[in-house]
Amino acid sequence: MSTDSEIIQRSLGQPRAFAELFDRHAGSVGRYAARRLGPDAGEDILSETFLVAFARRRSFDAAWDSALPWLFGIASRLIKKHRVREAKHHRSSVESAHREEHVSLGDLEGTIARLDAEISTRELAPRIAALSAKERDTLLLYAWGDLTYEEVAVALGVPVGTVRSRMNRIRTRLDPTRGSRRERVVSEKEGEVDGRFRTRA
């Protein structure tokens with residue numbers, strides 16, 4: 001079976017070959033985009049991701065057999081742009097609503113649906129929302145995109161060490177008791193060692 005890299009290289013001379021890449025990865029990219037933005041906007045991001053990928057296929061690093069991290073990177077940037085546009089539209093809608101002294105129930109339901117699609121666990125919602133955009137992208141590419149740290153690094157264009165440090169910070173912020181539990185275990189172990197030494201002395 002051809003690698004993604006081979007398909008992309010072949011598509012430079014035979015553009016129709018790029019369809020193989022879509023067939024192979026559209027499901028993963030589409031599910032990720034839908035979870036971030038909801039099904040309708042997710043479909044738009046999926047289509048746009050492969051249009052951008054096709055236009056930029058000459059820039060793909062042929063050293064990578066899989067194009068999935070590259071595709072997730074494109075999708076993540078498009079999602080970020082979508083959110084910026086959505087935020088501007090939301091601010092405009094809110095200002096308009098204040099002027100008209102009413103809020104559309106449909107807009108409210110749509111916003112709630114998008115938030116529900118983005119946040120899988122309600123208890124973690126405030127903590128996930130409090131993450132920076134870079135940390136949130138890192139977390140969701142890892143958790144929803146099912147990428148390795150190395151693939152997340154490729155997708156975001158950062159060193160793998162940056163991904164590791166972000167994930168450590170994210171784990172601490174999502175589970176604040178994690179650090180205290182670790183300190184307690186360490187102190188208990190040190191106490192055991194100290195006790196053994198004191199007994200021997």
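Trainee: Let's start with Thr 49: is this residue buried or exposed?
Mentor: Keep in mind that this is a predicted model. Anything under 20% relative accessible area counts as buried. Thr 49 has a relative accessible area of 0%, so the answer is buried.

Trainee: Which helix holds Thr 49, and which residues is Thr 49 in contact with, leaving aside neighbours within four places in sequence?
Mentor: Thr 49 is found in the helix spanning residues 39–55, which is H3. For contacts, look for heavy atoms within 4.5 Å. Leaving out neighbours within four places in sequence, that gives Val 29, Leu 71, Ile 74, Ala 75 and Leu 78.

Trainee: What separates the C-alpha atoms of Thr 49 and Ala 33?
Mentor: Along the chain, Thr 49 and Ala 33 are 16 residues apart. In space, their C-alpha atoms are separated by 9.9 Å.

Trainee: On to the rings. How many aromatic pairs are there?
Mentor: Rings of Phe, Tyr and Trp pair if their centres lie within 6.5 Å. By this rule, the count is five.

Trainee: What kind of pair do Phe 22 and Phe 50 make?
Mentor: A pair of aromatic rings is described by the distance of the centres and the angle of the planes. For Phe 22 and Phe 50, the centres are 4.9 Å apart and the planes sit at 70 degrees. Planes over 60 degrees apart fall in one class, so this pair is edge-to-face.

Trainee: Where do those two rings sit along the chain?
Mentor: This pair links distant parts of the chain, 28 residues apart. Phe 22 is partly exposed at 36% relative accessible area, whereas Phe 50 is buried at 6%. As for location, Phe 22 is in helix H2 (residues 19–37) and Phe 50 is in helix H3.

Trainee: And what kind of pair do Tyr 32 and Phe 72 form, and which helices hold them?
Mentor: Their ring centres are 5.1 Å apart with planes at 85 degrees, so the pair is edge-to-face. Both Tyr 32 and Phe 72 are buried. The pair ties together parts 40 residues apart in sequence, because Tyr 32 lies in helix H2 and Phe 72 in helix H4 (residues 68–100).

Trainee: Which residue lies over the face of Phe 54?
Mentor: Look 4.0 Å from the ring centre of Phe 54. Lying over that face is Arg 57.

Trainee: Last one: what is phi of Asp 146 near?
Mentor: Asp 146 lies in the loop between helices H7 (133–143) and H8 (149–156), and counts as exposed at 66% relative accessibility. Most residues other than glycine have a negative phi. Asp 146 has a positive phi, near 60 degrees.

Notes:
Residues numbered from 1 in each chain as written. Predicted model: local features only at pLDDT ≥ 70, side-chain atom pairs only at ≥ 80, totals over all residues. Heavy atoms only, no water. Helix = DSSP H or I, 4+ residues; strand = E, 2+ residues; numbered from the N terminus. Buried < 20%, exposed > 50% of the residue type's maximum accessible area, 1.4 Å probe, protein only. Phe/Tyr/Trp six-rings, centres within 6.5 Å; stacked < 30°, edge-to-face > 60°. Lys NZ or Arg CZ within 6 Å of the ring centre and 35° of its normal.
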